[in-house]
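Reader: Hi! I'd like to go through this protein with you, mostly its side-chain contacts. Could you pull it up?

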Amino acid sequence: MEEALAPYAAHSDKGRGRRYPETPHASRSQFQRDRDRIIHSTAFRRLEYKTQVFLNHEGDLFRTRLTHSLEVAQIGRSLARNLRLNEDLVEAIALAHDLGHTPFGHVGQDVLNECMKEHGGFEHNLQSLRVVDHLEEQYGAFDGLNLMFETREGILKHCSLNNARLLGDVAQRFIDRTQPSLEAQLTNLADEIAYNSHDIDDGLRSGLITIAQLEQVDFFARLWREVQAIFPGLSGRRAIYETLRRLITALADDLIVTSGQRILEAAPKDIDDVRRSPPLIRFSDQMRKDATELKRFLYENLYRHYKVNRMRHKASRMVRELYQAFTEEPSLLPPDYRVAPHDATAQARRIADYIAGMTDRYAIREHHRIYSLEEL
């Protein structure tokens with residue numbers, strides 16, 4: 001219930017509203033409506049077949065963008081409840097934060113950004129906002145999902161000054177150097193907690209990293225030794241799960257204590273005070289150091305593992321060749337993605353929309369249809 005929220009939390013009845021005014025719902029808060037619209041969107045369903053680290057067809061149990069988003073939402077809601085923040089807003093932001101992600105994980109984004117460098121570039125946070133503001137086609141009265149300002153603000157985690165000037169009020173904080181809601185700040189770190197833990201799990205499941213390697217990371221080693229002390233001789237998946245549960249708990253508990261203290265010291269009276277304050281949702285200095293060490297390990301040993309690099313190389317080629325084909329011959333695009341001749345930038349953006357909206361397997365099929373002679 002919103003009556004239990006802290007005064008500095010985002011209260012849906014005091015939010016900055018929607019781009020197109022709508023009558024409030026009788027039984028759902030504004031942020032609950034946002035969450036529901038996101039879950040029922042086409043872009044959300046596509047996340048089931050978009051890469052987190054491993055391609056969808058490489059194994060049934062690896063995380064996808066969809067399961068990652070669900071884990072972020074679960075962690076975020078728990079954190080928000082402990083800090084008396086708005087769980088519904090956190091959940092909406094968490095479920096929407098990757099809607100604009102390309103197929104094939106970050107390599108897809110990197111290649112598309114390179115292809116689009118003469119037309120404004122590409123960044124998945126901006127694309128997620130574009131999805132909910134323009135690309136979803138669910139309503140007769142407007143394009144997009146017409147989400148609340150606070151939800152849109154939370155989706156837009158990063159933004160250059162040039163883009164901020166084009167996006168209007170939702171990006172004004174990047175110009176003014178103010179902060180988003182505490183809910184947006186919290187969801188950003190819930191995202192980090194989720195991927196640090198589940199990428200270890202997926203990396204171990206894949207065999208690309210080992211417990212012996214992870215024991216070189218002090219943070220993980222401390223938790224692993226704790227599990228071994230409590231459950232002597234425990235091994236396999238049970239030992240891994242026991243350790244990862246402790247990892248998530250350690251990160252979450254540290255964030256709650258540290259953020260609670262920072263909020264107490266800043267003493268914001270309302271969300272406007274939050275926006276004028278420095279970031280208030282944070283890990284302690286030691287936990288930030290531990291989390292950074294873990295991220296560095298994953299980058300060096302998992303994300304840049306030679307087998308992952310092979311996938312990245314193939315994915316990079318597919319995305320680049322799809323973009324080139326559609327740029328050189330827009331008639332290859334579905335009709336809805338073609339624009340009037342002589343507007344190269346508008347056409348490039350629609351090509352980016354099309355490619356970013358693809359699932360991994362759809363991108364593979366499209367590439368096959370265009371380049372394989374078997375399709376003649």
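Reader: Thanks! Let's start with D36 and R35: buried or exposed?

Author: Happy to help. This is a predicted model, and in it both D36 and R35 are buried. The two also form a salt bridge, with 2.9 Å between the closest N and O atoms.

Reader: Which residues are linked with them in a network of salt bridges?

Author: The network links R28, R35, D36, R77, R81, E87, D88 and E91.

Reader: And how many salt bridges does the structure hold?

Author: It holds 33. Another one of them joins the side chains of D202 and R63, at 3.1 Å from N to O.

Reader: Where do D202 and R63 lie?

Author: D202 is in helix 10 (residues 182-206), while R63 is in the loop between helix 2 (42-46) and helix 3 (65-82), so this pair ties together parts that are 139 residues apart in sequence. D202 is buried at 2% relative accessible area, and R63 counts as buried too, at 16%.

Reader: What about E366 and R369, how far apart are they in helix 18?

Author: They are three residues apart, about one turn of that helix, which covers residues 360-371. Their salt bridge has its closest N and O atoms 2.7 Å apart. E366 is buried, with a relative accessible area of 8%, whereas R369 is partly exposed at 39%.

Reader: Switching to rings: how many aromatic pairs does a search of the whole structure find?

Author: Six. One of these is F220 with W224, a stacked pair with 6.1 Å from centre to centre and 15° between the planes. Both sit in helix 12 (residues 218-230), and because they are four residues apart there, about one helical turn separates them. F220 is buried at 1% relative accessibility, and W224 is buried at 12%.

Reader: Nice. Which residues do ring pairs link into a cluster?

Author: F326, Y337, Y354 and Y362.

Reader: Which ring face does R361 lie over?

Author: That of Y49, at 3.8 Å from the ring centre. Similarly, R237 lies over the face of Y241, at 5.0 Å from the ring centre.

Reader: Now cysteines. What does the disulfide count come to?

Author: Zero. As for individual cysteines, C115 is buried with a relative accessible area of 18%, and C159 counts as buried at 16%.

Reader: Last one: is K314 buried or exposed?

Author: K314 is exposed, at 54% relative accessible area. Its place is in helix 16 (residues 306-328).

How values were computed. Residues are numbered from 1 along each chain as its sequence is written. This is a predicted model: local features need pLDDT of at least 70, side-chain atom pairs count only at pLDDT 80 or more; totals for chains, interfaces and linings use all residues. Side-chain values use heavy atoms; hydrogens and water are left out. Helices (H or I, at least four residues) and strands (E, at least two) are DSSP runs, numbered from the N terminus. Buried means under 20% relative accessible area, exposed over 50%, partly exposed in between (1.4 Å probe, protein chains only). A disulfide is a pair of cysteine sulfur atoms within 2.5 Å. Rings of Phe, Tyr and Trp (its six-membered ring) pair if their centres lie within 6.5 Å; planes under 30 degrees apart count as stacked, over 60 as edge-to-face and the rest as tilted. A charge sits over a ring if NZ of Lys or CZ of Arg is within 6 Å of the ring centre and within 35 degrees of the ring normal. A salt bridge is a side-chain nitrogen of Lys or Arg within 4 Å of a carboxyl oxygen of Asp or Glu.
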